[in-house]
Amino acid sequence: MSVVGVRERLVPELSRYAKGAMSIAGLVTVWGAIARADLIGSMPGPVATLEALGALLVNPVIHRAVQFSMFHIVGSYLVAVVLAVPLGLVIGWKSIVHDLVFPSMEILRPVPPIAWIPLTILVLPSVRTSIMFITFMGAFFPILLNTIRGVHAIESDYKKAIKSLGGSSTDVFRNVVYPGSLPSIHTGLVVGMGLAWVNLVAAEMVADEGLGRFVWVSYTSGAYDNIVASVIMIGALGYGSSELVRWLGATQLTWADTG
Amino acid sequence: MSDSKQEPATEAQGSTDGSIHLDSVEKVYDPDGEHVVAVEDITMHIEPGEFVTVLGPSGCGKSTLLDCIAGFIEPTGGNIYVDGEIINGPSADRGVVFQENRLLPWKTIEENVNIGPKMRGDVETGRASQLLDRMGLDGTETQYPSELSGGMQQRAEIARLLANDPAIMLMDEPFSALDALTKEMLQEMLLEVWAEDNRTVLFITHDVEEALFLADRVLVMTAGPGRIKEIVDVDIERPRELSVMTTDHFTDLKDHVLHLIHEEAREAME
């Protein structure tokens, strides 16, 4: 590739990162101004938070909390994927399954997952399973609905094409239904990861484990800078795991690359 | 292609010569109890290796007829026989080329061409490249369909069909979305492929010149409900080149067919 070609590719990239950095710098400036002006009680400023964050990163308590949270997230998310993707494919593919299963899903879906917390704590055998169930609920529905949507969006002529090439129903599933719905499944996986984190933190606050617990303990002990520092950590981990899912998916879906 | 096709049909069963027999085929759609007759009373025999085009205004049911023969939908009346047997759903013997290409976007061109043989479990190495070569698409093996132009996509779809070696090719306005030059090139290419392999072709179009240039016989349909208006014999020698379109004989045939269609249009308006 020519030098000009490389430059053409790098310049828009750089400016995109530069804009991103400017955006974050702006946020930190506003935050610092608000903290300095004492507008909101005793809100810790960027410098205090950074110090707290530095201390947290070497604190064994937070290491343990992160380990718990990651275990909850990964476990619940995997269970959600393993259940929601096949179920979504079948519901999308076979209208009889859709008509039998989907209505009950539609009743459960609008319930805010946090509303399940009291019941799960009472009913499920341990705090850990309660947290994981709530987290699972966050990931399950976006993955399920996007999978169904992906199957429904496939042009039916592709199925006809496979049939007229001598393919069976199984061939249609393997060559059309599954690969054709992957871009939409991928969207569901990214959204599902984000909502899994939302639910995880809420559940952990109540059920007293992991990063959610750490935020809550910081609150009850009045460690303002630790609250903000751990919120930043949760944000970074949530963002990182969503990006990981997005990146992994994109490497598998080169044909759907729309730039 | 396969030897069996060059031999006369001595076996009544299991032969794939590619004759199509339509016996009073009728398709009525029934949305909300309101009868919509798409095609009616279509009776025609198509010989193995014959090239028949179906010509008619849009909405005359010509695609419905093709869907019936492909086995995608069932006629509500009459029967469709292929090589003497009533068809039962789609089959690899009756390949379909769609109006918009239906190459699988998630598979490379080579994977698309190989898909028929792959589903049967007998992929022959190098066969896809050979067919792509034949269609003037060498070097596109590892590309995705979206990376090809419209004309190349249609050629790749024809290669996919040839890989499956069907006795019958059903083509539903395959070139109607292409520009005039590409369209003419593909028409000539299709005639070459057809002359080499001698498959039966049923080709739907609304383009009078295309219908006459390609066909042995043109089935002109009436406007809704679709019936046979007339079957026009195209007695023009083969191999044909695009220049036949300027001959007097071609022009006469074209005038005749246009007359039939205008008559139809007038009746439909009254």
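This is a short tour of a predicted model, going from the interface of chains A and B to a few single residues.

**Stop 1: the interface**

Colour chain A and chain B separately and turn to where they meet. Select the touching residues on each side: 23 residues of chain B are in contact with 18 residues of chain A. Together the two chains bury about 1800 Å² between them, and 68% of that area is on carbon and sulfur atoms. On the chain B side, show B:R102, B:W106 and B:M119 as sticks; these lose the most area to chain A, together 41% of what that side buries.

Now look for charges across the boundary. How many salt bridges does the rule find across the interface of chain B and chain A? There are 3. One to zoom in on joins the side chains of A:E155 and B:R102, at 4.0 Å from N to O. You have already met B:R102 as one of the residues that lose the most area to chain A.

Widen the selection to A:E155, A:D157, A:K160, B:D67 and B:R102, and you have a network linked by salt bridges. As for polar contacts between chain B and chain A, the count is 4 residue pairs, with both residues at pLDDT 80 or more. Switch to cartoon and pick out β6 (94–97), α3 (115–120) and α5 (150–163) of chain B, each of which supplies at least two residues to the side that touches chain A. Which element gives the most to that side? The answer is α3(B), with 4 residues. If you colour this side of chain B by residue type, expect 13 nonpolar, 4 polar and 6 charged residues.

**Stop 2: a buried arginine in chain B**

Stay in chain B and select B:R240, in the loop between β10 (228–233) and α8 (248–269). This arginine is buried yet has no salt bridge. How far away is the nearest side chain of opposite charge, B:D216? The distance to B:D216 is 4.6 Å, which is outside the limit because a salt bridge needs the nitrogen within 4 Å of a carboxyl oxygen.

Look instead at backbone oxygens around the B:R240 side chain. The side chain reaches the backbone oxygen of B:I236 at 3.1 Å, and one of its polar atoms lies 3.3 Å from the backbone oxygen of B:V234. To see the surroundings, add B:L191, B:L212, B:F213, B:L214, B:A215 and B:V234, the residues in contact with B:R240 once neighbours within four places in sequence are left aside.

**Stop 3: salt bridges within chain A**

Over all chains, the rule gives 22 salt bridges. Three from chain A make good stops.

- Select A:E106 and A:R109, whose closest N and O atoms are 2.9 Å apart in a salt bridge. A:E106 is partly exposed at 30% relative accessible area, and A:R109 is partly exposed at 36%.
- Go on to A:R246 and A:E243, a salt bridge with its closest N and O atoms 3.0 Å apart. Both sit in helix α10 (residues 224–252) of chain A, and because they are 3 residues apart, about one helical turn separates them. A:R246 counts as partly exposed at 40% relative accessibility, as does A:E243 at 28%.
- Finish with A:R128 and A:E209, where the closest N and O atoms of the salt bridge are 3.7 Å apart. This pair links distant parts of the chain, 81 residues apart: A:R128 is in helix α6 (residues 127–152), and A:E209 is in the loop between α8 (169–207) and α9 (210–220). Are the two partners buried or exposed? A:R128 is partly exposed, at 27% relative accessibility, while A:E209 is buried, at 17%.

**Stop 4: two buried residues**

Select A:G192 in helix α8 of chain A. Its relative accessibility is 0%, so this glycine counts as buried. Draw a C-alpha to C-alpha distance to A:A139: the two are 53 residues apart in sequence and 3.9 Å apart in space. Beyond neighbours up to four places away, A:G192 touches A:Y77, A:G138, A:A139 and A:P142.

Last, jump to B:L186, in helix α6 (residues 180–197) of chain B. At 2% relative accessibility, this leucine is buried. Add B:G151, B:Q154, B:R155, B:F175 and B:L178 to see its contacts, leaving aside neighbours within four places in sequence.

Definitions and conventions. Residues numbered from 1 in each chain as written. Chains lettered and ligands numbered in written order. Predicted model: local features only at pLDDT ≥ 70, side-chain atom pairs only at ≥ 80, totals over all residues. Heavy atoms only, no water. Contact = heavy atoms within 4.5 Å. Buried area = accessible area lost by both parts, 1.4 Å probe. Polar contact = N/O pair within 3.5 Å; in protein donor to acceptor, adjacent residues only side chain to side chain. Nonpolar A, V, L, I, M, F, W, Y, C, P; charged D, E, K, R; others polar. Buried < 20%, exposed > 50% of the residue type's maximum accessible area, 1.4 Å probe, protein only. Lys, Arg positive; Asp, Glu negative; His and termini not counted.
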